[in-house]
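Please open the model in your viewer and keep the sequence panel beside it, since each stop on this tour begins with a selection.

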Amino acid sequence: PSPDGRHLVVLQENRPPPLPPRVVAFQRQGGGGAELERSWQPPQPALAGLVFPQSPAAPGRWALGIVWEHGRTELWRFVPAAGWQLLQTLELCQGARARVVSVCSQAASLVWCEERPPLDAHSDASKCAFRFCVCARALELGEQGVRPGPVRIVLHNCPEYRVLASPQHVFLLPASGAFATASNFLLVWHPEQAKLTIAAPSAGFVRSKALRSGSGSDFRKLLLGSVGLLSALAPLDVHTCAVSSCGALLLVSRKGAVTALEADGTQRHVFDLEAGPLARGDAVELKTYGSTLACVLAGVLYLVDQNSGRVIEKKILSMKEVHFLESPGEEDSIQFLTPTGIYSFGFSNPEDGGRPEPCLVEMVFEEACRYYQRRSLSSSRLTVEKLKKGGAFQAPVALTAILQHSLHQKQKPA
């Protein structure tokens with residue numbers, strides 16, 4: 001969805017032949033203005049991503065960026081009653097062999113990871129592994145058009161990264177199959193503070209380095225002084241990731257654990273998915289609505305209070321393939337895009353009360369489950385259901401009984 005929530009931009013990659021891949025943009029509520037449709041066919045490069053740069057100086061002013069792998073970028077704007085208009089075409093990559101592998105927009109800037117193959121075809125493996133760079137280009141979105149700034153290199157001679165933007169920061173997550181040491185940590189770029197932070201879920205904050213104005217940082221120099229610590233860290237375990245509304249990076253491990261990594265490197269556990277180990281093809285959708293985390297896995301919707309980690313609600317959906325949409329001004333309503341249309345689902349905010357007794361009881365069992373699992377010598381996974389049925393763990397059963405009795409007494413009319 002567009003930043004104002006009024007438009008949907010859909011990428012259709014796997015269309016039946018001979019139909020080519022295409023991008024379609026249309027208004028959610030209908031109205032004046034034509035739809036935008038852009039298609040391409042081989043040998044034209046594939047699409048690298050869709051972005052929505054926004055002007056900090058003029059709230060509500062945004063553009064749609066369509067970025068192809070070879071760096072060509074089209075910037076479009078929707079004009080009421082006139083439809084979509086092409087503002088400008090940019091070339092992000094400098095060389096003919098360079099390509100964009102990941103792109104995002106941070107405020108009014110485009111940020112991308114670019115592959116720059118070495119000129120020597122017989123280069124050694126280490127040089128080939130560090131053939132990427134992270135670049136940024138500021139855009140001035142005016143009423144009449146776009147004024148692009150110069151290309152700035154943030155990090156060069158680095159491995160491949162996936163770039164994800166929050167309102168104030170850009171997370172650099174190593175791509176799967178990255179160089180061994182580089183796969184143990186991630187980077188956070190702070191544009192306003194002109195610094196890079198090294199962080200790892202298993203160690204938290206590692207270090208920060210200020211960037212010199214006008215020049216980017218060399219990846220290998222960035223790691224000097226921390227190589228020993230970083231090489232000893234466990235590799236990142238990331239199945240799915242997304243950026244929350246408050247700017248944290250949500251990470252889902254292959255074991256099903258959902259954690260939130262802040263821009264300063266601090267990390268906290270949110271909750272565990274019941275499905276257990278996740279396969280590569282298992283689709284997990286994440287989105288935050290205020291303090292509530294919505295998560296969809298295998299047709300099951302989980303609503304989780306991010307502050308306490310308790311599951312507020314669990315609902316089985318009639319469809320498995322869903323995508324979350326923005327719900328402007330409605331933090332207690334979730335909207336889905338599905339192959340058959342757009343659906344809405346209302347829920348109660350955790351701050352509004354809701355059903356405290358079942359949630360608190362579940363919270364006790366979940367915490368007890370984690371406690372016993374950490375101290376267990378067995379490799380088998382302990383679940384809440386096993387904890388409730390088994391007779392060996394009496395402490396959580398007794399505590400929940402006391403809790404239920406206490407809540408029942410408080411809810412009695414005076």
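Select residues 170–174, which form strand E13, together with strand E14, and you will have two strands that pair in the antiparallel sense over three bridges. Keep in mind as you look that this is a predicted model. Within this pair, find phenylalanine 171, which stands opposite valine 188 in E14.

Now select E14 by itself, residues 186–190, and ask how many of its residues are buried. Five of the five are, so the strand is largely enclosed by the rest of the structure. If you colour its two faces separately, you will find Leu186, Val188 and His190 on one side and Leu187 and Trp189 on the other, and all of these are buried, so that both faces are covered.

Next, add strand E15, residues 195–200, which pairs with E14 in the antiparallel sense over five bridges. One of the residues to label here is histidine 190, whose bridge partner in E15 is lysine 195. E14 and E15 form a hairpin with four residues between them, and in the turn alanine 194 has a positive phi of about 50 degrees.

For the last stop, move to the open sheet of three strands, which are arranged in the order E1-E2-E3 with antiparallel pairing. Strand E1 (7–12) and strand E3 (36–39) stand at the edges, and because each has a single partner strand, one side of each is left without a neighbour in the sheet. From one strand to the next, the twist averages 10 degrees. Select E2, residues 22–27, along with E3 to view their antiparallel pairing over four bridges, and then label alanine 25, whose bridge partner in E3 is leucine 36.

Definitions and conventions: Residues numbered from 1 in each chain as written. Predicted model: local features only at pLDDT ≥ 70, side-chain atom pairs only at ≥ 80, totals over all residues. Heavy atoms only, no water. Pairing = 2+ DSSP bridges. Axes fitted to C-alpha atoms, helices over the stretch in contact; angles between N-to-C directions. Buried < 20%, exposed > 50% of the residue type's maximum accessible area, 1.4 Å probe, protein only.
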